[in-house]
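Biologist: I'm new to this structure and would like a close look at a single part of it. Could you pick one helix, walk me around it, and then show me what surrounds it?

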Amino acid sequence: VVPLDHARARDRGRFLRVAHRLYAKDPQWVAPLDAEVHRVLAPANPFFQHARMQLWVAVRADHDVGRIAAILDDTHNAVHGGRTAHFGFLESVQDGAVTGALFDAVVTWARAAGCERVVGPMNPSINDECGLLIEGFETPPVLMMTYNPPYLRALVEGAGFVKAKDLFAYYVDLAKAPAERLERL
């Protein structure tokens with residue numbers, strides 16, 4: 001596992017390319033706008049006025065095969081109490097050793113920062129994309145919702161994480177929805 005500096009555009013680019021490689025043949029994946037993800041990860045993002053982040057990529061045979069970010073949001077901890085770090089932007093090949101190494105990096109970083117627990121995925125906060133897709137793999141991803149391969153859930157659970165809550169997204173075909181019901185909504 002190799003640490004990257006999110007302040008460097010080159011490192012952010014490498015971090016982003018991991019997903020492009022992993023999803024190159026996935027017909028449902030829609031790549032996020034690289035410029036938008038660069039903006040979210042860049043130190044100029046106002047989020048980093050009260051948070052810090054560390055990026056890593058997992059490398060095997062000179063190929064990047066996974067990525068993860070560790071996030072420590074001081075405002076979150078002040079509001080909710082405790083010392084919680086978050087993980088986010090997780091992508092990995094289907095290999096528990098890869099995700100295990102990525103999570104080990106996050107947990108080590110979080111402990112060094114005085115954190116007592118790690119929660120995620122948050123990309124990078126609950127106000128952005130968060131969670132794992134566990135159903136709906138047959139449809140393309142939608143704005144502000146995560147997309148990941150079906151195997152990622154087992155890898156996250158295999159690393160010892162457990163579900164904290166369910167997040168739901170709903171699809172409404174506006175052409176078929178009753179207009180009066182939409183007006184009430």
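Modeller: Here is a tour that starts at one helix and moves outward from there.

A word on the ground rules: this is a predicted model, where local features need pLDDT of at least 70 and side-chain atom pairs count only at pLDDT 80 or more, while totals for chains, interfaces and linings use all residues. Residues are numbered from 1 along each chain as its sequence is written, and side-chain values use heavy atoms, with hydrogens and water left out.

Let's take helix α4, which runs over residues 96-112. Helices here are DSSP runs of H or I with at least four residues, strands are runs of E with at least two, and both are numbered from the N terminus. With 17 residues, α4 reaches 24 Å from its first C-alpha to its last, close to the 24 Å expected at 1.5 Å a residue. That expected span is 1.5 Å times one less than the number of residues.

Look at the start of the helix. Asp95 caps the N-terminal end of α4, with a side-chain oxygen 2.8 Å from the backbone nitrogen of Ala97. Just after α4, Gly114 takes a positive phi of about 85°.

Now turn the helix around. Which residues of α4 are buried? They are Val98, Thr99, Leu102, Phe103, Ala105, Val106, Trp109 and Ala110. Buried means under 20% relative accessible area, exposed means over 50%, and partly exposed is in between, using a 1.4 Å probe and protein chains only. Seen down the axis of α4, the buried residues fall within an arc of 150°, so they line one face of the helix. The arc is taken from the directions from the helix axis to the C-beta atoms. As background, an α-helix has 3.6 residues a turn, so residues three or four places apart point the same way. On the face of α4 turned away from the buried side you'll find the exposed residues Ala97, Asp104, Thr108, Arg111 and Ala112.

What covers the buried residues of α4? The cover includes β2 (51-60), β3 (63-73), β4 (84-92), β5 (117-119) and α5 (151-158). Contact, here and below, means heavy atoms within 4.5 Å.

That brings us to the largest nonpolar core, which has 22 residues. A nonpolar core is a set of buried Ala, Val, Leu, Ile, Met, Phe, Trp, Tyr and Cys residues joined through side-chain atoms within 4.5 Å. In this core, Trp56, Ile68, Phe87 and Leu90 touch the most other members. The elements giving two or more residues to this core are β2, β3, β4, α4 and α5. Our helix, α4, gives the most, with seven residues. Phe87 touches plenty of residues beyond four places away in sequence, including Phe103, Val106, Ile68, Val118 and Val156. Apart from this core lies another one, of 16 residues, among them Leu4, Phe15, Ala69 and Ile71.

The strands around α4 have polar partners too. Take Thr84, found in strand β4: at 3% relative accessibility, Thr84 counts as buried. The side chain of Thr84 makes a polar contact with the side chain of Arg117 (3.0 Å). A polar contact is a pair of N or O atoms within 3.5 Å; within protein, one must be able to donate a hydrogen and the other to accept it, and residues adjacent in sequence count only if both atoms are side-chain atoms. Leaving aside neighbours within four places in sequence, Thr84 is also in contact with Leu72, Asn77, Cys115 and Val119.

Finally, the charged pairs. The whole structure holds nine salt bridges, each a side-chain nitrogen of Lys or Arg within 4 Å of a carboxyl oxygen of Asp or Glu. One of them joins the side chains of Arg14 and Asp64 (2.8 Å, N to O). This pair links distant parts of the chain, 50 residues apart, with Arg14 in helix α1 (residues 9-22) and Asp64 in strand β3. Arg14 is partly exposed at 25% relative accessibility, whereas Asp64 is buried at 10%. Asp74 forms a salt bridge with Arg52, the closest N and O atoms being 2.9 Å apart. Asp74 lies in helix α3 (residues 74-80) and Arg52 in strand β2, so the pair ties together parts that are 22 residues apart in sequence. Then there is Glu91 with Arg67, whose closest N and O atoms are 3.8 Å apart. That pair links strand β4, home of Glu91, to strand β3, home of Arg67, 24 residues apart. Both Glu91 and Arg67 are buried.
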